[in-house]
Amino acid sequence: MLEFYKKQHLYPKVQFIVIAKNGEVTASDDNLFPLEPGSDIAEFHPFFESVIPLLADKNTQLSYYCIHIKDKICDVDCKTFEGKDPLIVIHDLTEHYESLQLVTQMRNETVIESEILSLQNTYLQEKEAFKRTFIANFSHELRNPLTGIFSFTEMLEKTHLSDEQYDLVEVVKSLCQDLNIMIEDILDLSKIEVGKFFTKDEVFDFDEMLDTVNFIYSTKARQKNLNFQIHRDEKIPQYIEGDQSRIKQLLANTIENAIKFTDEGQVDLYLKLNNKRANKVNIQFEITDTGIGIAKKDLNDIFTSFTQVHKDNKYPGSGLGLAIVKNLVTLMEGNISAESELGKGTSIRFNLKLKFPLHHREKQKKKTQESDILFNNPDKYSILLIEDNKISQIIVLKILASQGAFFLDIAENGAQAMERVEENDYDLILMDLRLPDISGYELAPLIRDLPEKKYAKTPIVALSGSMMGDGKNDYKKAGINDILQKPFQELQLLKQLKKFFK
Amino acid sequence: MTISKKIVLLGHFGVGKTSLVRRFVENTFSDNYKVTIGVHILKKEMDLPENQVNLIIWDIEGNEDITATRSSYLMGSHGFIYVFDTTRKSTFENLKRDLDHLKNNYNNVPIIVVGNKNDLITSAYLKENSSLFEQVDYFTSARTGKNVELIFEDLTKKMIS
Ligand SMILES: Nc1nc2c(ncn2[C@@H]2O[C@H](COP(=O)(O)OP(=O)(O)OP(=O)(O)O)[C@@H](O)[C@H]2O)c(=O)[nH]1
Ligand SMILES: [Mg+2]
């Protein structure tokens with residue numbers, strides 16, 4: 001029995017061959033390969049063809065490892081003797097070498113993969129560095145001509161223009177502004193990336209900031225029939241020390257984004273005090289929406305510059321907003337994360353390490369500008385702005401936000417305006433004279449003549465690009481109380497409103 | 001007259017030694033990487049105007065360190081083809097050192113230096129790295145077959161002269 005096993009495991013795995021100096025086989029036990037006596041071993045396999053010339057000397061021993069011979073992998077010993085024929089011993093180690101093959105295969109593949117990866121990485125890093133400096137320089141260069149276009153457009157705006165010309169100038173201005181926002185965004189990003197971005201520390205009234213944010217974004221949300229709400233944790237101190245304008249920028253970018261990708265439902269800002277120690281506060285900001293959501297595989301990309309997960313003309317933009325948020329948060333030593341479910345909504349959460357003054361003396365209101373003290377009514381005035389021009393919308397929005405005395409709705413055309421006035425009771429209506437679907441002269445009488453005459457007495461102030469248009473003197477006949485000429489200053493608008501809210 | 005010459009292909013693993021041999025001997029190519037362990041020995045006849053040469057080609061396992069190559073594989077060689085991968089710097093950054101090692105230990109054996117996977121790189125890349133590639137005799141592609149025949153022909157001529 002033992003011999004049987006030995007025969008199976010040991011004996012057949014070795015072959016002894018005796019050859020003549022010229023390579024002719026003189027004897028072979030044929031345990032592995034059948035070899036005819038008298039045949040040329042070089043003909044059997046080219047390995048032997050290159051070995052035979054080395055067997056000319058006597059008393060040499062050559063050992064070869066891991067030689068593929070036919071379908072076997074073998075070690076081969078070659079010995080020469082004095083006065084006797086050379087001996088070749090072949091050991092079949094196929095199994096052993098095949099397992100080695102597997103290990104080597106894995107090792108080599110891993111090494112090659114990591115080399116290729118690091119190659120791609122250096123390539124990508126170089127590309128990224130180039131992109132950054134290029135973008136930083138280029139956007140800087142873009143700013144000058146753009147500033148030029150903008151200021152000349154503003155000069156043009158103040159010349160005598162017809163309504164139509166004025167509207168066209170507004171379009172140019174609006175496009176300039178879009179471009180400017182994008183360039184500023186790109187500059188911000190590249191400044192952060194090359195470490196040239198600094199935040200400043202100042203004490204500010206957190207509640208006041210939230211009021212402004214609330215005013216602007218609930219107005220914008222209502223424009224899309226969405227609801228925007230801020231949920232503030234009462235434990236957060238009223239006065240915070242940090243970079244107010246950057247925090248505003250963070251909120252603006254995330255909330256704008258949430259509103260943009262939500263067609264129905266709700267956008268919420270949740271503020272939570274994570275902790276408060278000594279003069280340090282850690283505040284968590286969470287912006288949730290009920291919008292279209294983001295697929296899991298894309299979630300990582302939303303913070304990457306120039307990536308737009310939703311490549312759809314319905315949602316325009318540069319794709320920089322959230323990249324800036326991510327970079328700003330990181331710069332301010334915070335964390336940011338996103339969760340989303342396709343079709344259900346998205347939630348973006350970040351936290352900021354801020355400070356707060358331990359003994360803050362009730363802020364001496366540094367309200368020196370005349371405009372600041374115009375309104376201090378306890379109940380907010382409700383205003384409807386009917387205006388299709390985005391710039392004018394923002395201008396009015398910002399002016400009114402500074403007062404904290406108003407509630408604003410925006411309608412972009414006559415049809416929307418009619419819906420709004422029917423559903424709500426406004427204290428005053430601001431109306432552009434040139435709307436996409438109707439002129440102000442036609443719209444005002446429609447509003448005045450609503451059933452029950454609910455707007456019979458409500459002040460209607462028209463915004464107009466020119467004083468030369470037709471029927472300018474007939475505005476009173478149309479039921480318009482007054483006309484404010486564009487472009488107007490903050491104070492001009494506020495005084496106009498004040499006139500009606502005595 | 002028929003003579004036999006032993007050629008060994010040297011270089012790091014995965015640079016395309018086996019692929020070059022297969023292209024030369026069988027005129028085939030595969031994208032799959034099957035590591036060579038030990039050595040495969042193949043034979044191909046090369047007809048030159050004056051001679052017929054039997055090339056006995058030793059396609060050995062790749063090694064990052066040429067000094068660790070089994071000397072039994074190199075013994076009795078008539079020519080070397082040193083292959084590196086043009087896309088992987090690690091396979092050619094020690095080219096000079098490796099060539100010196102060969103020259104010191106196998107003094108009279110001709111060497112052909114080959115940068116393989118030429119199909120994956122651009123001429124701009126070649127220009128950028130030209131200083132690293134000074135000692136290269138041929139850029140080849142086992143995939144397209146570019147210059148493959150030529151390296152064996154050139155080496156054969158060098159071996160019999
Ligand atoms: N694109 C391209 N790929 C190649 C070329 N030559 C080889 N490859 C690929 O590179 C990998 C490695 O090729 P091999 O020929 O097995 O390399 P090797 O030098 O024999 O590797 P070891 O046996 O481990 O030393 C394989 O996936 C081949 O398909 C080439 O010229 N161009
Ligand atoms: Mg190989």
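**Figure 1. Who sits around ligand 1 in this predicted model.** Ligand 1 has 25 residues around it, and the closest are Lys17(B), Ser19(B), Ser30(B), Tyr33(B) and Asp119(B). Those surrounding residues come from chains A and B, so this is a site the chains share. Now for some individual distances. Asp119(B) puts a polar side-chain atom 2.7 Å from a nitrogen atom of ligand 1. Gly14(B) takes part through its backbone: one of its polar backbone atoms is 2.7 Å from an oxygen atom of the ligand. Arg143(B) also has a polar backbone atom facing a ligand oxygen, here at 3.4 Å.

**Figure 2. The magnesium ion and its two threonines.** Which atoms hold ligand 2, the magnesium ion? They are the OG1 atoms of Thr18(B) and Thr36(B), at 1.9 to 2.0 Å. This pair brings together distant parts of chain B: Thr18(B) belongs to helix α1 (residues 17-26), while Thr36(B) is in the loop between α1 and β2 (39-47), 18 residues apart. Are these threonines buried or exposed? Thr18(B) is partly exposed, because its relative accessible area is 26% and the cut-off for buried is under 20%. Thr36(B), at 11% relative accessibility, counts as buried.

**Figure 3. Chain B, and a look at Phe84(B) inside it.** Chain B has 5 helices and 6 strands, and along the sequence they follow the pattern β-α-β-β-α-β-α-β-α-β-α. Of its 161 residues, 51% are buried. If you take the contacts with a separation of 6 or more, 69% of them are between residues 24 or more positions apart. Phe84(B), in strand β4 (residues 79-85), is a good place to zoom in. This phenylalanine is buried, with a relative accessible area of 0%. Beyond its neighbours within four places in sequence, Phe84(B) is in contact with a set of residues that includes Val15(B), Phe92(B), Leu95(B), Asn116(B), Phe133(B) and Val136(B). Val113(B) is another of these contacts; its C-alpha atom is 8.1 Å from that of Phe84(B), and the two residues are 29 apart along the chain.

**Figure 4. A parallel sheet in chain A.** Here 5 strands make an open sheet with parallel pairing, in the order β14-β13-β15-β16-β17. The edge positions go to β14 (406-411) and β17 (482-485); each has a single partner strand, so one side of each has no neighbour in the sheet. From one strand to the next, the twist averages 20°. Look inside the sheet and you will find β13 (residues 381-386) joined to the parallel strand β15 (residues 428-432) by 4 bridges. In that region, Ile383(A) stands opposite Leu428(A) of β15(A). Helix α12 (residues 490-500) lies across β13, β14, β15, β16 (460-464) and β17, and runs at about 170° to β17(A).

**Figure 5. Thr80(A), a buried loop residue.** Thr80(A) is in the loop between β4 (72-79) and β5 (87-92) of chain A. With 4% relative accessibility, Thr80(A) counts as buried. What does its side chain reach? The backbone nitrogen of Asn59(A) is 3.0 Å away, and the backbone nitrogen of Thr60(A) is at 2.8 Å. Leaving out residues up to four places away in sequence, Thr80(A) touches Leu55(A), Asp57(A), Lys58(A), Asn59(A), Thr60(A) and Pro86(A).

Key:
Residues numbered from 1 in each chain as written. Chains lettered and ligands numbered in written order. Predicted model: local features only at pLDDT ≥ 70, side-chain atom pairs only at ≥ 80, totals over all residues. Heavy atoms only, no water. Donors = N, O, S within 2.8 Å, 3.2 Å for Na, K, Ca; no water. Helix = DSSP H or I, 4+ residues; strand = E, 2+ residues; numbered from the N terminus. Buried < 20%, exposed > 50% of the residue type's maximum accessible area, 1.4 Å probe, protein only. Pairing = 2+ DSSP bridges. Axes fitted to C-alpha atoms, helices over the stretch in contact; angles between N-to-C directions. Contact = heavy atoms within 4.5 Å. Near = heavy atom within 4 Å. Polar contact = N/O pair within 3.5 Å; in protein donor to acceptor, adjacent residues only side chain to side chain.
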